[in-house]
Amino acid sequence: MPDIDNIDYNDRSDMRDANYFSYDNNYGEDKIVGGIEVDINLYPYHVSYGTNCGGAIIDKKWVLTAGHCGKKPYVKVGSKYLNQGKKVDVKAYHVHPNWGAKNKEHPFDYDFQLLELKQPLKFDENIQAVKLAHIEDMVIGKVVTVTGWGNTEENGPYSNVLRAVRVPIISKENCQNVPFPYFRGGLTSRMFCAGFSEGKKDACQGDSGGPAVAYDRLLGMVSFGYGCATPGSYGVYSKVPKVRNWIEKVTGLSFP
């Protein structure tokens, strides 16, 4: 199976100006549609970040989430229920330095943020770190598991219970043929797509920053989409292996 990074498209002539982008619409902050309720001990790395974002524990003092999720005072860990879990205050926010660049190739390029926690987490069966993926883990057709508390249908209510959905990684070629804004010819090497062309399963509003994991390694974070489980469209994820060096530089840690 070909490596997803072997497909490179440079035609970005149809991109919109990022200044006209709004996170209040359906291009951002994705949710879980067509998934099932799950226990946190199956996905103990998943945290809630504010009321509409998720994140992944990558170390006792570090959580990875999306750059577009902004700054919120704490994360909640260790519970499958959105309104429960232990609150852990955030000490410092490290948004990827290229997230705010004016001349980015795409408005959602470099959609990463590291959260440094005030207190180290105490790992148990419901609180654990997830390993970071390597670029060779990014293979077209590989199924990733995406978790979150977001909407269970487009424009519907958030789920109070953690949900999971399994979706395959799609080639950049197929994804960039999607006839919606922010897809056509504009995806960068820091992004990958996953989902089904017929829709039915996807992330949605409230799932942003949530982890996409395969074989116990973190491949991506929920970044954006068009609607939720929209036929003919896919979810787009920030590609974690592309920023391993940045993660290690900021945290001062080495990830196997």
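Here are three short exercises on salt bridges in this predicted model.

**Exercise 1.** Find the residue that pairs with Lys80, and work out where the two sit in the chain.

*Solution.* Start with the charges: side chains of opposite charge can pair when their charged atoms come close. Next, check the distance. Lys80 forms a salt bridge with Asp39, and their closest N and O atoms are 2.9 Å apart. Now place them: Lys80 is in the loop between β5 and β6, while Asp39 is in the loop between β1 and β2, so this pair links distant parts of the chain, 41 residues apart.

**Exercise 2.** Decide whether Asp39 and Lys80 are buried, partly exposed or exposed.

*Solution.* Buried means under 20% relative accessible area, and exposed means over 50%. Lys80 comes out at 22%, so call it partly exposed. Asp39 has 37%, so that one is partly exposed too.

**Exercise 3.** Look at Glu116 and Asp109: which residue does each one pair with, and where are the partners?

*Solution.* Take Glu116 to begin with. Its salt bridge is with Lys91, with the closest N and O atoms 4.0 Å apart. Glu116 lies in strand β7 and Lys91 in strand β6, so the pair ties together parts that are 25 residues apart in sequence. Glu116 has a relative accessible area of 17%, so it counts as buried.

Now Asp109. Its side chain meets that of Arg190 in a salt bridge, 2.7 Å from N to O. Asp109 is in the loop between β6 and β7, and Arg190 is in the loop between α1 and β11, 81 residues apart. Both Asp109 and Arg190 are buried. One last step: Glu105 joins these two in a network of salt bridges.

Definitions and conventions
Residues numbered from 1 in each chain as written. Predicted model: local features only at pLDDT ≥ 70, side-chain atom pairs only at ≥ 80, totals over all residues. Heavy atoms only, no water. Helix = DSSP H or I, 4+ residues; strand = E, 2+ residues; numbered from the N terminus. Buried < 20%, exposed > 50% of the residue type's maximum accessible area, 1.4 Å probe, protein only.
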